[in-house]
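Reader: I'm new to this one. Could you show it to me and explain the words as we go?

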Amino acid sequence: MRILGIDYGEKRIGLAISTPVGFIARGLPTIERMDGVDYLEELADVIKEKEVGTVIVGLPKNMNDTIGEKAEEVLKFVEALKSKFDLPVFTVDERLTTVRAHKAMSEAKMSRKRKKKRVDMIAAQLILQCYLDKKKFEVTKVN
């Protein structure tokens with residue numbers, strides 16, 4: 001089973017998927033949030049197609065480690081995922097992932113138009129990779 005990483009945003013939902021072994025996060029196409037479109041159904045398709053066993057959602061905490069308005073919205077989204085899908089859903093602190101995504105794209109000299117299309121996917125990759133690295137470290141630490 002693979003792990004799905006999600007960067008939940010107002011306009012788009014960035015997605016990333018782990019490799020089957022669970023060491024590397026790879027980007028998936030972003031889901032556009034449009035009025036009247038059930039993005040949970042689009043997620044259901046991804047979850048089924050990619051054989052997802054766990055979902056990781058970035059939680060945008062404030063810099064002082066508190067939960068703000070955006071994080072509250074993400075927590076509601078997490079509850080919706082838990083009710084719709086019978087899967088474990090975890091949150092990962094995502095502070096500054098979008099900033100890191102923009103920096104990575106600038107270093108890669110991407111055009112502004114291309115950056116706009118890819119930033120949410122790259123943020124989801126960073127969120128998922130953070131989780132995978134932490135999980136790998138915990139497994140390594142035990143041995």
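Author: Sure, let's start with the exposed residues Asp45, Lys48 and Glu49, which sit on the face of α1 turned away from its buried side. This is a predicted model, where local features need pLDDT of at least 70, side-chain atom pairs count only at pLDDT 80 or more, and totals for chains, interfaces and linings use all residues. Residues are numbered from 1 along each chain as its sequence is written, and side-chain values use heavy atoms, leaving out hydrogens and water.

Reader: Which residues of helix α1 are buried?

Author: Tyr39, Leu40, Leu43, Ala44, Val46 and Ile47. They lie on the same side of α1 because they cover an arc of only 165 degrees around the axis, taken from the directions from the helix axis to the C-beta atoms.

Reader: Why is threonine 19 called buried?

Author: Buried means under 20% relative accessible area, exposed over 50%, and partly exposed in between (1.4 Å probe, protein chains only). Threonine 19 has 12%, so it is buried.

Reader: What makes threonine 19 and phenylalanine 23 a polar contact?

Author: A polar atom of the threonine 19 side chain lies 3.4 Å from the backbone nitrogen of phenylalanine 23. The cut-off for a pair of N or O atoms is within 3.5 Å, with one able to donate a hydrogen and the other to accept it.

Reader: Why does glutamate 94 have no salt bridge?

Author: A salt bridge needs a side-chain nitrogen of Lys or Arg within 4 Å of a carboxyl oxygen of Asp or Glu. For glutamate 94, the nearest side chain of opposite charge, lysine 70, is 9.2 Å away, so there is none.

Notes
Lys and Arg count as positive and Asp and Glu as negative; His and the chain ends are not counted. Helices (H or I, at least four residues) and strands (E, at least two) are DSSP runs, numbered from the N terminus.
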